[in-house]
Amino acid sequence: MKAWLDDYHQRVAKAKQTVQNIISKNQTVTILAGGAKNDITLYGNGYTGRSFYDGLGLTPPPKVINDMDPEKPWLQLSPELLTEYAGDYIFVAVDKATETYDYKSEPVWKTLDAVQNDQIFEIDGWSFWFSDPISILGQIEEVTEMIVQQVKKNKR
């Protein structure tokens, strides 16, 4: 068990360092679910947001911190409110098997800096729902790889 925990902490620390070398402390990250639909869920440091905020040490926008109830770390939003909660980077949990969205063609979404700067990522909502250590580690490593690949793509 100790060997597994040591490996876990090492892998999380490596991923955290990699991500923090790309996303600075003064940049914010928003975690959403629902894609470009009418019903959007905003996550704080619970459920889908746990890997990002606890695991990778990323910073949510101040409004997310102020409006989120720690006992209920999610809020339902209408698309019109996205601009108030949108961070420099946005991760959207969708059903990857059946959903993907063209955020640049959606009226509210296309106004967001994260969308305009190609700093929006779709994650599989199902696999990011779980918060056991094995799931958290997989989520952290997946997000790290997504961010690294985006940086490489943008350098081309």
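**View 1. β4 and β5 side by side in the predicted model.** In this predicted model, β4 and β5 pair in parallel, with five bridges holding the register. If you want one pair to zoom in on, take I90, which sits opposite I120 in β5.

**View 2. The β1 edge of the pairing with β4.** β1 and β4 also run parallel, and five bridges join them. Here I31 has F91 of β4 as its bridge partner.

**View 3. β4, covered on both faces.** Count the residues of β4 and you'll find that six of six are buried. In a regular strand, side chains alternate between the two faces of the sheet. One side of β4 carries Y89, F91 and A93, the other carries I90, V92 and V94, and all of these are buried.

**View 4. The largest nonpolar core.** Nonpolar side chains in soluble globular proteins tend to end up buried together. The largest nonpolar core here has 25 residues, and F52, L58 and F91 are the ones that touch the most other members. Two or more residues each come from α1 (2-20), β1 (29-33), α2 (50-55), β4 (89-94), β5 (120-124) and α6 (133-155). The top contributor is α6, with six residues.

**View 5. Around L58.** Which residues does L58 contact once neighbours within four places in sequence are set aside? The list is V19, I23, V29, F52 and Y53. F52 turns up again here: like L58, F52 belongs to the trio with the most contacts to other members of the largest core.

**View 6. A second core.** Separate from the core around L58 and F52, there is another one of 19 residues. Among its members are A36, V64, Y85 and A114.

**View 7. T28, tucked into a loop.** T28 belongs to the loop that links α1 and β1. Is T28 buried or exposed? Its relative accessibility is 14%, so T28 counts as buried, the cut-off being under 20%. Leaving out residues up to four places away in sequence, T28 touches T59, P60, P61, G87, D88 and Y89. Y89 also appears in View 3, as one of the buried residues of β4.

**View 8. A nonpolar patch on the surface.** Not every nonpolar side chain is hidden: M1, W4, L5 and I134 make a surface patch of about 460 Å². M1 is in the segment before α1. With a relative accessible area of 76%, M1 is classed as exposed because the threshold is over 50%.

How values were computed:
Residues are numbered from 1 along each chain as its sequence is written. This is a predicted model: local features need pLDDT of at least 70, side-chain atom pairs count only at pLDDT 80 or more; totals for chains, interfaces and linings use all residues. Side-chain values use heavy atoms; hydrogens and water are left out. A nonpolar core is a set of buried Ala, Val, Leu, Ile, Met, Phe, Trp, Tyr and Cys residues joined through side-chain atoms within 4.5 Å. Buried means under 20% relative accessible area, exposed over 50%, partly exposed in between (1.4 Å probe, protein chains only). Helices (H or I, at least four residues) and strands (E, at least two) are DSSP runs, numbered from the N terminus. Contact means heavy atoms within 4.5 Å. Patches are made of residues with over 30% relative accessible area and no salt bridge: like charges are joined within 9 Å, nonpolar side chains (Val, Leu, Ile, Met, Phe, Trp, Tyr) within 5 Å. Accessible areas come from the Shrake-Rupley method with a 1.4 Å probe; for residues, only the protein chains shown count as cover. A salt bridge is a side-chain nitrogen of Lys or Arg within 4 Å of a carboxyl oxygen of Asp or Glu. Two strands pair if DSSP finds at least two bridges between them.
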